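Okay, shall we get going? I'd like to walk you through a few spots in this one, so have the structure up in front of you.

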Amino acid sequence: MADLVVKNAVIYTSEDSLPFADSMAVRHGRLLRVGNYSSLKDLVDYRTKELDLKGKIVVPGFIDSHVHLIWGGLQMVQVELRAINRKDEFVRKVKETVRNREQGSWILGGGWNNDLWGGDLPMASWIDDITPNNPVWLSRMDGHMGLANSLALKMAGITHSSEDPDGGTIMRTASGEPTGLLIDSAMKVLLSCIPEVSVNERREALQRASSFALTRGVTTVVDFGRYIPGSSVEQSWEDFSDVYQWADSSGKRRIRVCLFFPSQTWSRLLDVVEKVGHSMSQWLYLGGVKAFADGSLGSSSALFHEPYVVEPHNKGLQVMDYEELFNLTLASDKHGLQVSSCHNYKLPFHSIKMIIEIIIDDCSTFNFFQVAIHAIGDRANDLILDLYDSVISKNGIRDRRFRIEHAQHLAPGTSDRFGKLGVVASVQPEHLLDEYESAIKKLGFDRAQKGSYLFRSLINGNAQLAFGSDWPVASINPLGGIRTAMKRMSPTWDGAWNPSESLSLDDALKAHTILAARACFLDNHLGSISPGKLADFVVLSPDSWDDFARGGFASVEATYVAGVQVYP
């Protein structure tokens, strides 16, 4: 018998074989049967809870394909500079924070976007007078640039004579003095001066972030950790042992997490996977490794074939040496060739006359060392596609699902290469809204229009598109991202940004559900409302599918994980 039956709903399944249903049955956290109510009435008895949704829409639990979960949870209690659109407001937020802190303690936060106040970059001089006794580090929204005050620069030993490191830049005044802005690997020296947050603070951050994700209908995330250019590779491993394994073993899990680790540590991940496998539980998965090819557009460090319009001598930064990146990718792909993972789930299916127990034998062979590389500029994307092509040629063809994280700006013809090579385009639609003005300013109108956020072109080229948020860079908000992918415009704009690249609601939903699951090898367990899969689903506000498909407007009314309501 079913523990839960959902009925009288518009259930979008994310499965082409049965796109819609009106009812579904759940037992022991998994989907038992999906169809019309008459086909599953035999699963109902006095112990079954029946949920009548009165025509509301149900979708699979959203999968956010790119987050930094603990970083986001920490930022929720730090200086919040997102949406600040004036210099004086920026300064006021910092001043308010300093007032409540002890002298000598670090002031941390971020989320600022200089494009919101006209483009001028902040400087240490903005905040030096109000922070004479507190070192400050405020990261830009993209995490590839940050502002330090003069005290923090002094503690890090960054002076007039400091040289730019490989893959990074110390921004300077005309006289050569550091302005306080550090880009990509130039952040390393300063970040090493910031005291590590405690284990308890990180555990609280995970719980805080997980609860927030559930309010947005997100039941699974692909977490790329706190590793960014310039930070320590150890942070990801400390979070794995101190936070994620703690949550998994102590029953503190609220959402499912697939973890990626710095590519330099691939051999350590190999050791762990050989001992425990790819799936540590139904809540915690070991996905693969991540590296960086370039920086970000907002920090003018994304790597392009042509220079930035406003900086004719700047084509961006190549954050990692190509040969080093190639060798890391080749080695991790070769040594982590394949793992056989078998799980038997006994799911009782009931008919009128008898009970048939079907053993679902999920013996799947998969490349557990998925490789994901951050690439934003068009040249960076071409470099990584070339790299992946070379690795495939050397190690042989198989289902490895290489990923490019972001894939924001592509040269003509590049979108077709994703499909040909079987590379996942892990993209973040909400960045389109955040970067519109910056892209026009830095790339020029025609270049930005023709080569940015080419979602439709990628799908037409048979690429697998997976949606995420990059939280806390952008808000974790799948419904907002789906709407942006459909409309490609803000309510305040006069028109859409290259509307020919817009997606249908069906395409956008799949990118946040079944395709997102496939992008991290979890499609046998997640991503669609199908018998045998985990019963993660979301109830949305609309009671008309046609209205939802036209406008893309909806809100989350309830979130269920393993058939249990976890929000509200």
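Let me start with a helix pair: H10 and H11 cross in a left-handed way. Bear in mind that this is a predicted model. H10 runs over residues 378-395 and H11 over 414-421, and their axes come within 11 Å, crossing at roughly 25 degrees. Angles under 35 degrees count as roughly parallel, and so H10 and H11 are roughly parallel to each other.

Who actually meets whom there? From H10 you have Asn-381, Asp-382, Leu-385, Asp-386, Asp-389 and Ile-392, and they meet Thr-414, Arg-417, Phe-418 and Leu-421 in H11. Sorted by class, the contact of H10 with H11 comes out as 4 nonpolar, 2 polar and 4 charged residues.

Now a second pair, to set beside that one. Helix H6, residues 199-215, packs on helix H7, residues 234-250, at an angle of about 55 degrees, and the axes are 10 Å apart. That angle makes H6 oblique to H7. The handedness here is right-handed, with H6 passing H7, whereas the crossing of H10 and H11 was left-handed. On the H6 side the contact is made by Val-199, Arg-202, Arg-203, Leu-206 and Gln-207, and on the H7 side by Glu-238, Asp-239, Asp-242, Val-243, Tyr-244, Trp-246 and Ala-247. In terms of class, that contact of H6 with H7 has 6 nonpolar, 1 polar and 5 charged residues. If you look at the numbering in these contacts, keep in mind that an α-helix has 3.6 residues a turn, so residues three or four places apart point the same way.

Right, let's come back to H10 from another direction, through helix H9. H9 is residues 322-335. Its 14 residues should span 20 Å at 1.5 Å a residue, and the end C-alpha atoms are indeed 20 Å apart, so the two agree. Which residues of H9 are buried? That would be Leu-325, Phe-326, Leu-328, Thr-329, Leu-330, Ala-331, Ser-332 and Asp-333. And what do the buried residues of H9 pack against? Helix H8 (266-276), S17, strand S20 (370-375) and our friend H10.

Just ahead of H9 there's a backbone oddity. Ser-300 isn't a glycine, yet has a positive phi of about 55 degrees. You'll find Ser-300 in the loop between strand S17 (284-292) and H9. As for exposure, Ser-300 has a relative accessible area of 13%, and since buried means under 20%, Ser-300 is buried.

There's another one like that: Asn-498, also not a glycine, with a positive phi of about 50 degrees. Asn-498 sits in the loop between H15 and helix H16 (505-511). With 13% relative accessibility, Asn-498 counts as buried too. Why bother pointing these out? Because most residues other than glycine have a negative phi, and most peptide bonds are trans.

Which brings me to the cis bonds. Going from Trp-471 to Pro-472, the peptide bond is cis, with omega near 10 degrees. Pro-472 is in the loop that runs between strand S23 (464-467) and helix H15 (478-487). Then from Tyr-567 to Pro-568 you have a cis bond as well, with omega near -5 degrees. Pro-568 is in the segment after strand S26 (564-567).

One more helix before I finish with loops. H2, residues 87-99, has 13 residues and reaches 19 Å from first C-alpha to last, close to the 18 Å expected at 1.5 Å a residue. The buried residues in H2 are Glu-89, Phe-90, Val-91, Val-94, Thr-97 and Val-98. They pack against strands S9 (79-80), S10 (107-112), S11 (136-140) and S12 (145-148), plus helix H3 (124-127).

Okay, two loop residues to close. Asp-523 is in the loop between helix H17 (514-518) and strand S24 (537-540). What does Asp-523 touch, leaving out residues up to four places away in sequence? Arg-401, Ile-514, Ala-517, Arg-518 and Lys-533. Its C-alpha is 9.1 Å from that of Thr-513, and those two are 10 residues apart along the chain.

And is His-28 buried or exposed? His-28 is exposed, at a relative accessible area of 60%, in the loop between strand S4 (23-27) and strand S5 (30-35). From His-28 to Leu-4 it's 24 residues in sequence and 9.4 Å in space, C-alpha to C-alpha.

Key:
Residues numbered from 1 in each chain as written. Predicted model: local features only at pLDDT ≥ 70, side-chain atom pairs only at ≥ 80, totals over all residues. Heavy atoms only, no water. Helix = DSSP H or I, 4+ residues; strand = E, 2+ residues; numbered from the N terminus. Expected span 1.5 Å × (residues − 1). Buried < 20%, exposed > 50% of the residue type's maximum accessible area, 1.4 Å probe, protein only. Contact = heavy atoms within 4.5 Å. Axes fitted to C-alpha atoms, helices over the stretch in contact; angles between N-to-C directions. Parallel < 35°, antiparallel > 145°, perpendicular 65-115°, else oblique. Left-handed = near helix turned anticlockwise from the far one by under 90°. Nonpolar A, V, L, I, M, F, W, Y, C, P; charged D, E, K, R; others polar.
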